[in-house]
Amino acid sequence: MNTGNNQPGFRDRTYKENEVDYMGQKQFVDVSGSLCVTHIGLEVLYILLGCFPMIIINIISILSYVVASGMAKKGKIQATIWIMITEVYLHVILASCFLGLNCGFHLWLFGSLTSIFIPFFMPNLSRKQKGQIAGISFVIICTFLILTILDDNGIMPTRYNVEPATARWLYYMNAILGFGSIMIYLGIYIAKMSAKSNELQIAADHDFLTGIYNRQRIQKILDAEVLRAQDVGDSNLIVAIVDIDFFKKINDNYGHIVGDEALKDLTQFFFQRLNEGLLFGRWGGEEFLLIAPENKNYDEFILMMEELRKQIEAHELICYGEHIRYTVSIGIAAYEKDMTVENLVNLADDRLYQAKETGRNKTVY
């Protein structure tokens with residue numbers, strides 16, 4: 001039994017896991033697979049160099065990536081990450097010790113540091129996770145400095161001397177691999193963050209239930225339209241507020257789930273006019289704010305709204321075995337000189353109220 005904050009009578013909320021990985025499962029499978037192929041190539045290299053210790057060590061590296069790939073396919077991402085981090089770190093140290101820094105294997109540490117440190121800036125990262133990243137990053141930096149100091153002072157325990165020309169070629173190859181990995185990781189991270197930013201923006205601008213603009217977004221659009229109307233002076237700006245009649249009865253008689261379906265059903269009539277230039281958003285509850293297409297004058301927009309109202313009246317919603325009919329009331333208002341957003345919306349709202357008070361299922365303008 002848990003102790004501390006998880007006392008009897010309170011739900012255990014430890015199920016709330018933080019999403020901190022910037023790569024998906026498939027990408028981890030691809031990375032582990034590509035590193036496995038890279039080490040197969042290194043195996044050929046070590047054989048040609050006659051470096052027996054690295055031949056054995058690299059076989060272990062290849063097997064570790066086979067295991068890492070299997071772990072990634074099973075969704076065990078944390079285990080995959082630790083295997084890859086450990087393998088690269090140890091391989092760099094051992095290759096540098098046996099072949100020397102002039103071969104450039106220590107440059108892999110730059111790529112390792114980048115791939116490890118990038119998640120530090122992921123949202124919702126726990127303090128423990130940030131501590132682990134900072135600790136590993138510190139170890140990598142210290143390792144790079146220690147290897148450099150040992151090499152500068154001629155005390156690197158190098159046992160296999162590589163020809164200068166071969167060492168130079170290896171240095172270039174490892175530089176490409178090390179810095180290339182940085183470009184790949186940064187590219188993946190930026191793409192992931194860009195996609196996440198777009199998702200958040202869409203979520204911020206749209207109503208969760210109906211998928212159309214929420215009040216905040218449609219309010220911003222209307223604010224901009226009014227500012228433009230004030231600048232132009234004769235802008236053709238018309239709005240309508242559409243409200244479902246007796247919506248409470250729908251909820252009471254059929255349940256809130258059916259009420260939600262009615263709201264979503266209504267928005268489909270708006271979407272049918274999207275190509276005509278109609279803008280719309282959920283204003284609140286069962287109310288929707290519509291902004292007329294620019295090419296519609298006042299009379300034409302009234303006809304559009306009347307057509308909309310009649311279509312809804314003739315429509316039957318079939319939901320969970322229930323056959324439901326509903327109607328809407330509509331209030332329409334046009335922008336006039338020196339009007340504010342509040343003036344315009346209030347005028348449309350007043351006319352909606354008139355429609356409600358005089359029998360509903362009508363358009364007042």
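This briefing walks through the sheet, a cavity, the cysteines and a few single residues. The model is predicted. Its open sheet has five strands with mixed pairing. One cavity of 30 Å³ or more is present. The structure holds zero disulfides.

**The sheet as a whole**

- The strands of the open sheet follow the order β2-β3-β1-β6-β7.
- Strands β2 and β7 (363–364) stand at the edges of this sheet.
- Each edge strand has a single partner strand, so one side of each is left without a neighbour in the sheet.
- In a regular strand, side chains alternate between the two faces of the sheet.

**The hairpin of β2 and β3**

- Strand β2 covers residues 279–284, and strand β3 covers residues 287–291.
- The two strands pair in the antiparallel sense, over five bridges.
- One bridge links F280 to its partner L290 in β3.
- Together β2 and β3 form a hairpin, with two residues between them.
- G285 sits in the turn of this hairpin and has a positive phi of about 60 degrees.

**Strand β6 and its partners**

- Strand β6 spans residues 328–334.
- Strand β1 (residues 238–244) pairs with β6 in the antiparallel sense, and seven bridges join them.
- V242 stands opposite I330 in β6.
- Strand β7 also pairs with β6, but here the strands run parallel, with two bridges.
- G331 has V364 as its bridge partner in β7.
- How enclosed is β6 by the rest of the structure? Six of its seven residues are buried, so β6 is largely enclosed.

**The cavity**

- Rolling a probe the size of a water molecule over the atoms shows where empty space is left.
- How many cavities of 30 Å³ or more does the structure hold? It holds one.
- The largest cavity contains about 50 Å³ of space.
- Its lining consists of H39, E87, V88, H91, V92, F105 and W108.
- Helix α3 (residues 77–99) gives the most to this lining, with four residues.
- By type, the lining residues divide into four nonpolar, two polar and one charged.

**The cysteines**

- A disulfide is a covalent bond between the sulfur atoms of two cysteines.
- Why is C51 without such a bond? The closest cysteine sulfur, in C103, is 9.2 Å from the sulfur of C51, which is too far for a bond.
- C97 is in no disulfide either, and the nearest cysteine sulfur to it, that of C51, is 11 Å away.
- C51 is buried, with a relative accessible area of 0%.
- C97 is buried too, with a relative accessible area of 18%. The cut-off for buried is under 20%.

**Two helix residues**

- S115 lies in helix α4 (residues 108–117).
- At 16% relative accessibility, S115 counts as buried.
- The side chain of S115 reaches the backbone oxygen of S112 at 2.9 Å.
- S115 and A191 are 76 residues apart in sequence, and their C-alpha atoms are 15 Å apart in space.
- A167 belongs to helix α6 (residues 164–205).
- Is A167 buried or exposed? With 3% relative accessibility, A167 counts as buried.
- Between the C-alpha atoms of A167 and G111 the separation is 20 Å, and these residues are 56 apart along the chain.

**Positive phi outside glycine**

- F246 is not a glycine, yet it has a positive phi of about 50 degrees.
- Where is F246 found? F246 is in the loop between β1 and α8 (247–254).
- F246 is partly exposed, with a relative accessible area of 43%.
- N361 is also a residue other than glycine with a positive phi, near 50 degrees.
- The loop between α11 (341–357) and β7 holds N361.
- N361 counts as buried, at 19% relative accessibility.

Technical notes: Residues numbered from 1 in each chain as written. Predicted model: local features only at pLDDT ≥ 70, side-chain atom pairs only at ≥ 80, totals over all residues. Heavy atoms only, no water. Buried < 20%, exposed > 50% of the residue type's maximum accessible area, 1.4 Å probe, protein only. Polar contact = N/O pair within 3.5 Å; in protein donor to acceptor, adjacent residues only side chain to side chain. Pairing = 2+ DSSP bridges. 1 Å grid on protein atoms, 1.4 Å probe; cavity = no way out; pocket = protein on both sides within 12 Å on 5 of 7 lines; lining within 4 Å. Points joined across faces, edges and corners; volume = space filled by probe spheres on them. Nonpolar A, V, L, I, M, F, W, Y, C, P; charged D, E, K, R; others polar. Disulfide = S-S within 2.5 Å.
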